[in-house]
Structure formats: C-alpha cells, structure tokens
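Q: Hi, I've got a model open and would love a hand reading it. Could you walk me through it?
A: Happy to, let's take a look together.

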Amino acid sequence: MILRTCVAVAVIATAGTVQAASKKQIDCGHQASVVAAIQQARLERISERKVAAHVVENATWPENYNGAIPIMTPWVYEMKMRDVKKQDLSAAWKELCLQQ
C-alpha cells in the first residue's frame, strides 16, 4: 500500500514537471516567433517606430504576446545589421528563455 502511494505520488510529480516544461516550451516558442518577426521587420528595413504595427499584422501567436514587442524590438534594433542577417535571433531568444 505504501509502495503504491509512493509510486502514485512520483507519477503525479513527474507529470506535473513534464506539463510545466511543456508550457514553458510553448511560451518560449511564441516568444521566439515574436523575435523572428521583429528580425524580419528589421531585414525589411521597417522603422523601429512602426515595428509593432507591422509585426501584429502578420502575428501567428496568441494576442497576449503582442505586449512583448516593445520590449524585444530594441534588442533586435540595437544589433548591427550584419549580425541581424547572419544570426538566428529567435533560436537565441528561445535558448535564453528555456534557461530561465
């Protein structure tokens, strides 16, 4: 009986951890999509002031992630254009997000 209880608790705890990790994967994926859209806007030479409107037009993520656009935009626009062209900024953002 005690062994069954311990196994049940372990299974529930593992499932909770997996579910939390899954939610984090999804959240970081949406954030990475926002960064990719901002990077593309920069490559298209959209002015920094117009990025939010431009990115929201083609959004593929839930609406609540649009609030992150003003926070992420300076991160992309402060980089040198050669870095924006060569780097996968969305992958970098996702990696940083998952580490937190």
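Q: How much of the protein chain do buried residues make up?
A: Buried residues make up 27% of the 100 residues. Buried means under 20% relative accessible area, exposed means over 50%, and partly exposed is in between, with a 1.4 Å probe and protein chains only. Bear in mind that this is a predicted model, where local features need pLDDT of at least 70, side-chain atom pairs count only at pLDDT 80 or more, and totals for chains, interfaces and linings use all residues. Residues are numbered from 1 along each chain as its sequence is written, and side-chain values use heavy atoms, with hydrogens and water left out.

Q: Thanks! What does the secondary structure come to?
A: The protein chain has 5 helices and 0 strands, in the pattern α-α-α-α-α along the sequence. Helices (H or I, at least four residues) and strands (E, at least two) are DSSP runs, numbered from the N terminus.

Q: Which residues have the most contacts inside the largest nonpolar core?
A: Val34, Ile38, Val55 and Met72 do, in a core of 17 residues. A nonpolar core here is a set of buried Ala, Val, Leu, Ile, Met, Phe, Trp, Tyr and Cys residues joined through side-chain atoms within 4.5 Å.

Q: And which elements give two or more residues to this core?
A: Those are α1 (2–43), α2 (51–57), α3 and α5. Helix α1 gives the most, with 5 residues.

Q: What is Met72 in contact with?
A: Leaving aside neighbours within four places in sequence, Met72 is in contact with Gln31, Val34, Val35, Ile38 and Trp93. Contact means heavy atoms within 4.5 Å.

Q: Gln31 catches my eye there. Is Gln31 buried or exposed?
A: Gln31, which is found in helix α1, counts as buried because its relative accessibility is 16%. Beyond neighbours within four places in sequence, Gln31 is in contact with Tyr65, Met72, Trp93 and Cys97.

Q: Over to α5, then. Which residues in helix α5 are buried?
A: In α5 (residues 89–99), they are Leu89, Ser90, Trp93 and Cys97. They cover an arc of only 95° around the axis, so they sit on the same side of α5. That arc is taken from the directions from the helix axis to the C-beta atoms.

Q: How many aromatic pairs does the structure hold?
A: Just 1 aromatic pair. The ring centres of Trp75 and Trp93 are 5.2 Å apart and the planes are at 70°, so the pair is edge-to-face. Trp75 is in helix α3 (residues 69–77) and Trp93 in helix α5, 18 residues apart, so to speak a link between distant parts of the chain. Rings of Phe, Tyr and Trp (its six-membered ring) pair if their centres lie within 6.5 Å; planes under 30 degrees apart count as stacked, over 60 as edge-to-face and the rest as tilted.Q: How do Trp75 and Trp93 count for burial?
A: Trp75 counts as partly exposed, at 28% relative accessibility, while Trp93 counts as buried, at 18%.

Q: Last one: what is unusual about the phi of Arg45?
A: Arg45 has a positive phi of about 65° although it is not a glycine. Most residues other than glycine have a negative phi. Arg45 is found in the loop between α1 and α2.
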